[in-house]
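Hi,

Here is the structure I promised to pass along. Have a look at it first, and my notes follow underneath.

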Amino acid sequence: MAKLKILTGTDNKILRTKSVEIKHVTKIAKLIKDMKDTLDAKDLGLAAPQVGENVRMCLIRLNPSTKSETLVFMINPKITEMDKEKEIGEEGCLSLPGLWVNVERAKKITVKFLDTKGKEQILMLERLNARIIQHEVDHLDGILMVDRAVFDANAGLR
Ligand SMILES: [Zn+2]
């Protein structure tokens, strides 16, 4: 079991670099295993740059805390459709420990990716699942949630 070190900070160079597409799925077998070992039970997602690799891959926990919870690796994920309808929700990030910000995301998305066997998959996701994907794909483009933080006028009233 190899738990990888998670990079932190809004100005970390690797976190701020646009990651490259993966050409040979077989070459990343070790990274896949190590990323799985690194994701704790409560974590919703992890992108390769967060563990120091600027390649387009992320690990997503779909349907967290439900009976249908599953871990899905997405290689070269591409959001092909984004619903116009958006919603604001609170997000955290393993690379920005202790920070929670409100981010506006599309409510529904379609994402195309390769699975760990190199087979193309397409998923239509909504709400929290869609939010996790948008957050992780942002990591592959060097974007952090603080870049998208929105002011929530109701925050102080709760
Ligand atoms: Zn993150």
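**Cysteines, zinc and cores**

There are zero disulfides in this structure, which is a predicted model. Cys58 takes part in no disulfide, and the nearest cysteine sulfur, that of Cys93, is 12 Å away. A disulfide needs the two sulfur atoms within 2.5 Å. Cys58 is buried, because its relative accessibility is 0%. Cys93 also counts as buried, with a relative accessible area of 10%.

So what does Cys93 bind? Its SG is one of the protein donors of the zinc ion, together with NE2 of His135 and NE2 of His139, at 2.0 to 2.3 Å from the metal. Along the chain, the donors follow the spacing C-x41-H-x3-H. Helix H2 carries both His135 and His139, four residues apart, or about one turn of the helix. Both of these histidines are buried.

On to the nonpolar packing. The largest nonpolar core has 16 residues, and those that touch the most other members are Ile60, Met74, Ile109, Val111, Leu125 and Ile133. Two or more residues each come from strand S2 (57-62), strand S3 (70-82), strand S6 (108-114) and helix H2 (127-140). H2 gives the most, with five residues.

If you want one residue to start from, try Ile60: leaving out residues up to four places away in sequence, Ile60 touches Leu44, Gly45, Thr70, Leu71, Val72, Met74, Ile132, Ile133 and Glu136. Apart from this core lies another, of 15 residues, including Ile22, Met35, Leu39 and Leu59.

Happy to talk it through whenever suits you.

Best wishes

Technical notes. Residues numbered from 1 in each chain as written. Predicted model: local features only at pLDDT ≥ 70, side-chain atom pairs only at ≥ 80, totals over all residues. Heavy atoms only, no water. Core = buried A, V, L, I, M, F, W, Y, C linked by side-chain atoms within 4.5 Å. Buried < 20%, exposed > 50% of the residue type's maximum accessible area, 1.4 Å probe, protein only. Contact = heavy atoms within 4.5 Å. Donors = N, O, S within 2.8 Å, 3.2 Å for Na, K, Ca; no water.
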